[in-house]
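The following note sets out points for a colleague who is reading this model alongside its sequence. Each point takes up one part of the structure.

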Amino acid sequence: MGPLAGLRILELASIGPGPMCAMLLADLGADVVRVDRIEPSGLGVGMSTAFDVCARNRRSIAVDLKRAEACAAVLRLIDRADVLIEGFRPGVAERLGLGPDVCLERNARLVYGRMTGFGQDGKLAQAAGHDLNYISLAGALHAIGPRDGAPLPPLNLIGDYGGGALYLALGILSALFERNQSGKGQVVDAAMVEGAASLMSIFYGLVAAGTWQTARGSNLLDGGAPFYSVYETSDGMYVSVAALENKFFAELARLIGLETRFVQEQMNRRLWPELRTKMAEIFKHRTRAQWCELLEGTDACFAPVLSIKEAPDHPHSRQRGMFVELNGFTQPAPAPRFSRSVPDVPQPPPETGAQTQQVLEKAGFGPAEIDALRRAGAIG
């Protein structure tokens, strides 16, 4: 079920954006076979497979890609695939004998999706890095954080998942669309640093127009504006207000008892320090729950700041089915939604290599071939 039902994807196991991209596509119905290592790689955050949300909706085979027999078996799977996803450093797939030239020669319709931090070439292509490094180079990290402090890491949402997983998924689906016209596959080179830069597009325009200051905490959307900010409540919790438009700020001011002079001079930056102090004082007079009762659902552009544990229990989250229970814990449901081709309920992540036999048999491997691969240590 789902809009991508029938799409066959082979994922060479990696960490971060590669698995996230594969999860997004699998959630929407794609048949994803994950090629896992027989032994743990030692990369990423160590935890039970059961809690690896980004590994859900997969079948897993366990292989040793350092063995020629294993690579030959994977190539036979690639023959039947629509998409390959790999997240190795540049050149690694080629050294394994699984590079795009080899794969596309065997399967000319294959979309070969590559996920790296800095891209397949360039000065930094071979350098190790993580999300924080990529968004630093893209100009994103510098813009995030308090005015009087250091830049603040925004989890790994911008580089790994926004600039990486989502852009790779977009690239793969775009290449599949183009394949409908040309009949040919191609390579998608998704670099997290470039995806992060793309996410910053509007801000590059604002800087060029002279309407955005590079100093952190000085602008409308970076915490500089007191009407687009976070405030502490009397019980030590937090609420967010984002009343950018004057009509929304006027409604916020009316509901919380803010003087009308601030509404009339909303964009007067000289008043912002005084306005921030006043708003902070007001919000400290009630609990978060009391502010929710007064402001939630109005045009004041308000929301409570919820923790990961709290978010699934919010009434709106429950009404929309934003989260699902899987493997005994709560996790985000597939997104976005579709009116007809509704995806199935997600399935738990598989144990490493749980479907090795099944996948190989379906790909045409005979019992003797599978036994030979197992004796050679090529599969787990």
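Which residue in S2 is the bridge partner of Leu 12? The answer is Val 35, and the first point below places this pair in its setting.

1. Strand S1 and its partners. The model is a predicted one. Strand S1 covers residues 8-12, and four of these five residues are buried, so the strand is largely enclosed by the rest of the structure. S1 runs parallel to strand S2 (residues 31-37), to which five bridges join it; the pairing of Leu 12 with Val 35 belongs to S1 and S2. S1 also runs parallel to strand S4 (residues 83-86), in this case through three bridges. There, Leu 10 stands opposite Leu 84.

2. The connection from S1 to S2. Helix H1 (residues 17-27) combines with S1 and S2 in a β-α-β unit, and the unit is right-handed.

3. The largest nonpolar core. This core contains 41 residues, and those touching the most other members are Ile 9, Cys 21, Leu 25, Val 83, Ile 85, Leu 168 and Ile 172. Two or more residues come from each of H1, S4, S5, H5, H6, S6 and H7. A separate core of 30 residues lies apart from it, and includes Ala 93, Cys 103, Tyr 112 and Val 359.

4. The surroundings of Val 83. Which residues does Val 83 contact, leaving aside its neighbours within four places in sequence? They are Leu 7, Arg 8, Ile 9, Leu 10, Leu 110, Val 111, Ile 172 and Leu 176. Among these, Ile 9 and Ile 172 are also listed with Val 83 as residues touching the most other members of the 41-residue core.

5. Helix H7. Within H7 (residues 192-199), the residues Met 192, Val 193, Gly 195 and Ala 196 are buried. They span an arc of only 165 degrees around the axis, and therefore lie on the same side of H7. An α-helix has 3.6 residues a turn, so residues three or four places apart point the same way. The cover over the buried residues of H7 includes H1, strand S5 (111-116), helix H5 (131-138), H6 and strand S6 (186-191).

6. Tyr 161. This residue belongs to helix H6 (residues 157-182). Its relative accessibility is 22%, so Tyr 161 counts as partly exposed. Beyond its neighbours within four places in sequence, Tyr 161 contacts Gly 16, Pro 17, Met 20, Asn 156 and Leu 166. Its C-alpha atom is separated by 40 Å from that of Pro 367, which is 206 residues away along the chain.

7. Cysteines. How many disulfides does a search of the whole structure find? The search finds zero. For Cys 71, the nearest cysteine sulfur is that of Cys 103, at 9.7 Å; with 7% relative accessibility, Cys 71 counts as buried. For Cys 292, the nearest cysteine sulfur belongs to Cys 301 and is 15 Å away. Cys 292 is buried as well, with a relative accessible area of 14%.

8. Backbone features in loops. Two residues that are not glycine have a positive phi: Asn 57, at about 60 degrees, and Cys 301, at about 55 degrees. Asn 57 sits in the loop between S2 and strand S3 (58-63), and at 16% relative accessibility Asn 57 counts as buried. Cys 301 is in the loop between helix H12 (288-295) and strand S9 (302-304); at 26% relative accessibility, Cys 301 counts as partly exposed. In addition, Ala 335 and Pro 336 are joined by a cis peptide bond, with omega about 0 degrees. Pro 336 is found in the loop between strand S11 (329-332) and helix H14 (356-362).

9. The chain as a whole. The secondary structure amounts to 15 helices and eleven strands. Of the 380 residues in the chain, 44% are buried. Along the principal axes, the C-alpha atoms fill a box of roughly 80 × 45 × 40 Å. Where contacts join residues at least 6 apart in sequence, 67% of them link residues at least 24 apart.

Conventions:
Residues numbered from 1 in each chain as written. Predicted model: local features only at pLDDT ≥ 70, side-chain atom pairs only at ≥ 80, totals over all residues. Heavy atoms only, no water. Buried < 20%, exposed > 50% of the residue type's maximum accessible area, 1.4 Å probe, protein only. Helix = DSSP H or I, 4+ residues; strand = E, 2+ residues; numbered from the N terminus. Pairing = 2+ DSSP bridges. Right-handed = clockwise from strand over helix to strand, strands pointing away. Contact = heavy atoms within 4.5 Å. Arc of directions from axis to C-beta. Core = buried A, V, L, I, M, F, W, Y, C linked by side-chain atoms within 4.5 Å. Disulfide = S-S within 2.5 Å.
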